[in-house]
Amino acid sequence: MAQGGTGLEIERQKLRVHSSLEQPKTPADLRARQLRARDLLRGDLEGADLDAYVEERVVTSTLEKVLNTARANSIFPATFGLACCAIEMMSTVAPRYDIARFGAEAFRASPRQADLLILSGRVSIKMAPVIRRIYDQMLEPKWAISMGACSSSGGMFSNYAVVQGADKFMPIDVHVPGCPPRPEALLYGFNMLQEKIRGNPTPGWRSRYNAHGTEEWARGGPASKPSGEALEAYEKARGVLGA
């Protein structure tokens, strides 16, 4: 292709090369599997061949895991926006980001039909009881994402009119940092919520770096001195991080 030209070079690859599932490697293998499926439908497959055929196609699991997998892939977010982060949230529904890929394209206007509440923006003191009522009206199981620094910690609005963290008046499952976070960040937080619903939550950075005890509350607040245990854990975490 000419350098600086507008043309595109397309390289075609078979998806089977990147597939992790066991696939027939040759047309003859595929034909053999088709014949075995035909024999099963006809009732001609018996004995050891029938046992092998069934064992290759049956996956055992628990009802709870199946339910959680279905819930994680069919979430209905509430149509609810608070501030400028809501503009970024709306973008996730558009074709460019397409949250429908993860089964959450249908935003519900009623809390009775929604199971995910995205707090997109700062929460004022007057708005907090309204949000809590909306959350209480949602049916179980339900989840909540705090989107943006203002919703998670008050952000730039460190004053009497804004709640300094949405987790002070309702449970939050995932915090998405940023001001405002891009749609990709919200989608990443949504994927983390899906993993949590499936029962395999992604460990936070404190778990990954063995930094439990470094929280602000563990040190007694911003104006207090850290305890010996908290200071030891903090130094250990800095050692792991290489700081």
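This passage describes the fold, the sheet, the nonpolar cores and three individual residues of the chain.

The model discussed here is predicted. Its secondary structure amounts to 10 helices and 3 strands. Read from the N terminus, the elements follow the order α-α-α-α-α-β-α-β-α-β-α-α-α. Of the 243 residues in the chain, 28% count as buried. Long-range contacts are well represented: when contacts between residues at least 6 apart in sequence are considered, 67% of them join residues at least 24 apart.

A good place to begin is the sheet. The 3 strands form an open sheet with the order S1-S2-S3, and the pairing is parallel. Strand S1 (116–120) and strand S3 (174–176) each have a single partner strand and stand at the edges, so one side of each has no neighbour in the sheet. Neighbouring strands are turned against each other by 15 degrees on average, direction ignored. As a reminder of the general principle, strands of a sheet pair through backbone hydrogen bonds, in either a parallel or an antiparallel manner.

The pairing can be followed strand by strand. S1 and S2 are paired in the parallel sense over 5 bridges, and leucine 116 stands opposite tryptophan 143 in S2. On the other side of the pairing scheme, 3 bridges join strand S2 (residues 143–147) to S3, again running parallel. Here methionine 147 has valine 176 of S3 as its bridge partner. The link between the strands S1 and S2 also involves a helix: S1, helix H6 (residues 128–137) and S2 make a right-handed β-α-β unit.

Although S1 stands at an edge of the sheet, this strand is mostly covered, with 5 of its 5 residues buried. Leu116, Ile118 and Ser120 point one way from S1, while Leu117 and Leu119 point the other way, and all are buried.

Attention turns next to the nonpolar cores. In soluble globular proteins, nonpolar side chains tend to be buried together. The largest nonpolar core of this model has 19 residues, of which Ile75, Leu116, Ile118, Ile145, Leu186 and Leu193 touch the most other members. At least two residues of this core are supplied by each of helix H5 (85–91), S1, S2, S3 and helix H8 (183–197). H8 gives the most, with 5 residues. A second, separate core holds 18 residues, and Ala78, Ala166, Met170 and Ile172 are among them.

Isoleucine 75 offers a view of the surroundings of one well-connected member of the largest core. With neighbours within four places in sequence left aside, isoleucine 75 is in contact with Gly103, Ala104, Asp115, Leu116, Phe190, Leu193, Gln194 and Ile197. Two of these partners, Leu116 and Leu193, are themselves listed with isoleucine 75 among the core residues that touch the most other members.

Three further residues illustrate local settings. Serine 146 is found in strand S2 and counts as buried, because its relative accessibility is 0%. The side chain of serine 146 makes a polar contact with the side chain of serine 151 at 2.9 Å, and another with the side chain of serine 152 at 3.0 Å. Beyond its neighbours within four places in sequence, serine 146 is in contact with Leu119, Ser151, Ser152, Ile172, Val174, His175 and Val176. Of these, Ile172 is included in the second core.

Threonine 92 lies in the loop between H5 and S1. Despite this loop position, threonine 92 counts as buried, because its relative accessibility is 0%. The side chain of threonine 92 reaches the backbone oxygen of methionine 89 at 2.5 Å. Residues up to four places away in sequence not counted, threonine 92 touches Tyr97, Asp98, Ile99, Pro183, Leu186 and Leu187. Among these partners, Leu186 is one of the residues that touch the most other members of the largest core.

Methionine 127 is also a loop residue, found between S1 and H6. Methionine 127 has a relative accessible area of 27%, so this residue is partly exposed. Its contacts, neighbours within four places in sequence left aside, are with Phe80 and Leu82. Methionine 127 and valine 162 are 35 residues apart in sequence, and their C-alpha atoms are 9.1 Å apart in space.

Terms used: Residues are numbered from 1 along each chain as its sequence is written. This is a predicted model: local features need pLDDT of at least 70, side-chain atom pairs count only at pLDDT 80 or more; totals for chains, interfaces and linings use all residues. Side-chain values use heavy atoms; hydrogens and water are left out. Two strands pair if DSSP finds at least two bridges between them. Helices (H or I, at least four residues) and strands (E, at least two) are DSSP runs, numbered from the N terminus. Axes are lines fitted to C-alpha atoms, for helices over the stretch in contact, and angles run from 0 to 180 degrees between N-to-C directions. Buried means under 20% relative accessible area, exposed over 50%, partly exposed in between (1.4 Å probe, protein chains only). A crossover is right-handed if, with the strands pointing away from the viewer, the path from the first strand over the helix to the second runs clockwise. A nonpolar core is a set of buried Ala, Val, Leu, Ile, Met, Phe, Trp, Tyr and Cys residues joined through side-chain atoms within 4.5 Å. Contact means heavy atoms within 4.5 Å. A polar contact is a pair of N or O atoms within 3.5 Å; within protein, one must be able to donate a hydrogen and the other to accept it, and residues adjacent in sequence count only if both atoms are side-chain atoms.
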